[in-house]
Amino acid sequence: KQWYQRRVAITAGIRDAIDTDTPIRVPSVHSAAESLILFLDSFSEPVIPYNAYAHCLEQCTHFTNSKNILRNIEMSHRNVFKYVCAFLREILAHTDVNRSNAKVLAQIFGDVLLKPQLPEAGPAAKSAYKKRQLFVYQFLTNEYDDS
């Protein structure tokens, strides 16, 4: 419980610093990532728009096709996705310090970056969860540019 309260306080501190345009003092990359997750989760539409969701799941193992899907979404959504993945790749560049790995980050961020418009249930939900992870994983393990 004490650990949870500390995380909530750290996240609130980051949010307040952003709101007041003051320098952010983040105790760990995990705190920054958690704040980013909360921020992205608050969007009315996910970073990958609902209309691209099924296409992303279909192409979750084909990086070139996945990049093509992203070329067809709004630039603001594409840029957010691109910058979030760049941030996550930066985290991965320091795995010796933060003990992160691409699979875990893809699991965590897959559910925030890609969301179904309607809730999924049963085996379809489990399959979609895995495909969201695979889609994001591609962009964490491959350099993403718009070409």
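Start with the contact map of this predicted model: among contacts between residues at least 6 apart in sequence, 69% join residues at least 24 apart. Keep that figure in mind as you move through the fold.

**Whole chain, as cartoon.** Colour by secondary structure and you will find 8 helices and 0 strands. Following the sequence from start to end, the pattern reads α-α-α-α-α-α-α-α.

**Whole chain, as surface.** Now switch on the surface. The protein exposes about 9100 Å², and carbon and sulfur atoms supply 55% of that area. As for what is covered, 37% of the 147 residues count as buried.

**Residues 29–41 and 75–92.** Hide the rest for a moment and select these two stretches, which are helix 2 and helix 5. Two packed helices are described by the angle between their axes and the distance between the axes. Here the axes come within 11 Å and cross at roughly 160°. Angles over 145 degrees count as roughly antiparallel, so helix 2 is roughly antiparallel to helix 5. Rotate the pair to look at the crossing of helix 2 and helix 5, which is left-handed.

**The side chains between them.** Which residues of helix 2 and helix 5 make the contact? Show these as sticks:

- From helix 2: Val-29, Ala-32, Ala-33, Leu-36 and Leu-40.
- From helix 5: Val-80, Val-84, Phe-87 and Ile-91.

Finally, colour the sticks by residue class. The contact of helix 2 with helix 5 has 9 nonpolar residues, with no polar and no charged ones.

Methods. Residues are numbered from 1 along each chain as its sequence is written. This is a predicted model: local features need pLDDT of at least 70, side-chain atom pairs count only at pLDDT 80 or more; totals for chains, interfaces and linings use all residues. Side-chain values use heavy atoms; hydrogens and water are left out. Axes are lines fitted to C-alpha atoms, for helices over the stretch in contact, and angles run from 0 to 180 degrees between N-to-C directions. Helices (H or I, at least four residues) and strands (E, at least two) are DSSP runs, numbered from the N terminus. Angles under 35 degrees count as roughly parallel, over 145 as roughly antiparallel, 65 to 115 as roughly perpendicular and the rest as oblique. A crossing is left-handed if the near helix is turned anticlockwise from the far one by less than a right angle, and right-handed if clockwise. Contact means heavy atoms within 4.5 Å. Ala, Val, Leu, Ile, Met, Phe, Trp, Tyr, Cys and Pro count as nonpolar, Asp, Glu, Lys and Arg as charged, and the others, Gly among them, as polar. Buried means under 20% relative accessible area, exposed over 50%, partly exposed in between (1.4 Å probe, protein chains only). Accessible areas come from the Shrake-Rupley method with a 1.4 Å probe; for residues, only the protein chains shown count as cover.
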